[in-house]
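Me: Got a minute to walk through a structure with me? I'd like to start with the charged pairs and then see where we end up.

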Amino acid sequence: MPIQKLNPYLIFNGTAEKAIQLYEKALGARTEGLSRFGDVPGSRTPAEHRNRVVHAALHLGEGVVMVSDAMPDRPSPTEGNVHVCLDFDDVADMTRRFGALAEGGQVTMPL
């Protein structure tokens, strides 16, 4: 099965919510699935960081941009902070392709 979509993933250092609000206002983005660090079951996130965005999908026309804040103890560089997320409809194919991309690369988040 070919790749279905290419979704950029933007990582912020505690300002994801402000970015989401900007993209909603400036671009007409529609936010879906917003969750916060404090929403994660068993989260050990310090109280002052529980409101950080752990994930949100912003629909922009036919496209989707995903947004998150970095882990509080692992800030994202201010340059080169875009990740590419591939959307698959077949788990086996996704697993195979993830493995192929991981070979010789650096996995920052396991599948």
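Me: So how many salt bridges are there by the usual rule?
Reply: Three salt bridges, where the rule asks for a side-chain nitrogen of Lys or Arg within 4 Å of a carboxyl oxygen of Asp or Glu. Keep in mind that this is a predicted model, so local features need pLDDT of at least 70 and side-chain atom pairs count only at pLDDT 80 or more, while totals for chains, interfaces and linings use all residues. Residues are numbered from 1 along each chain as its sequence is written, and side-chain values use heavy atoms, with hydrogens and water left out.

Me: OK, what does R36 pair with?
Reply: R36 makes a salt bridge with E17, and their closest N and O atoms are 3.1 Å apart. R36 sits in strand 2 (residues 30–36) and E17 in helix 1, so the pair ties together parts that are 19 residues apart in sequence. Helices and strands here are DSSP runs, numbered from the N terminus: H or I with at least four residues for a helix, E with at least two for a strand.

Me: Is R36 buried or exposed? And E17, buried or partly exposed?
Reply: R36 is buried, at 17% relative accessible area, whereas E17 is partly exposed at 30%. Buried means under 20% relative accessible area, exposed means over 50%, and partly exposed is in between, using a 1.4 Å probe and protein chains only.

Me: Which residue does E32 bridge to?
Reply: E32 meets R30 side chain to side chain, at 3.6 Å from N to O. E32 is partly exposed with 42% relative accessible area, and R30 also counts as partly exposed, at 49%.

Me: And what's the N to O distance for R96 and D93?
Reply: That salt bridge comes in at 2.6 Å. R96 and D93 both lie in helix 2 (residues 91–102), three residues apart, which is about one turn of the helix. R96 is exposed at 54% relative accessible area, but D93 counts as buried at 7%.

Me: Now R52. Where does that one sit?
Reply: In the loop between strand 2 and strand 3. R52 is buried yet has no salt bridge, and the nearest side chain of opposite charge, D69, is 5.1 Å away.

Me: What does R52 touch, then?
Reply: Leaving out residues up to four places away in sequence, R52 touches N13, G14, S35, R36, F37, D69, A70, M71 and P72. A contact means heavy atoms within 4.5 Å.

Me: Switching topic: which residues make up the largest nonpolar core?
Reply: There are eleven: L10, F12, A16, A19, I20, A29, V53, A56, L58, V65 and V67. Strand 1 (5–12), helix 1 (16–27), strand 3 (53–60) and strand 4 (63–69) each supply at least two residues of this core. A nonpolar core is a set of buried Ala, Val, Leu, Ile, Met, Phe, Trp, Tyr and Cys residues joined through side-chain atoms within 4.5 Å.

Me: What about L58, which residues does it touch?
Reply: L58 touches I20, Y23, A29, R30, T31, G63, V64, V65 and V67, again not counting residues up to four places away in sequence. Apart from the largest core lies another core, of six residues, among them Y9, I11, A57 and M66.

Me: Let's zoom out. What order do the elements run in?
Reply: From the N terminus on, they go β-α-β-β-β-β-α, so the chain has two helices and five strands.

Me: How many residues are in the chain, and what share counts as buried?
Reply: The chain has 111 residues, and 26% count as buried. Among contacts between residues at least 6 apart in sequence, 58% join residues at least 24 apart. The C-alpha atoms fill a box of roughly 40 × 35 × 30 Å, taken along the principal axes.

Me: Last thing, the loops. Where is G61?
Reply: G61 is in the loop between strand 3 and strand 4, and it is exposed, with a relative accessible area of 73%. The C-alpha atoms of G61 and Q4 are separated by 16 Å, and the two are 57 residues apart along the chain.

Me: And which loop holds D90?
Reply: The one between strand 5 (82–87) and helix 2. D90 is partly exposed at 34% relative accessible area. D90 and R74 are 16 residues apart in sequence and 31 Å apart in space, C-alpha to C-alpha.

Note on methods
Lys, Arg positive; Asp, Glu negative; His and termini not counted.
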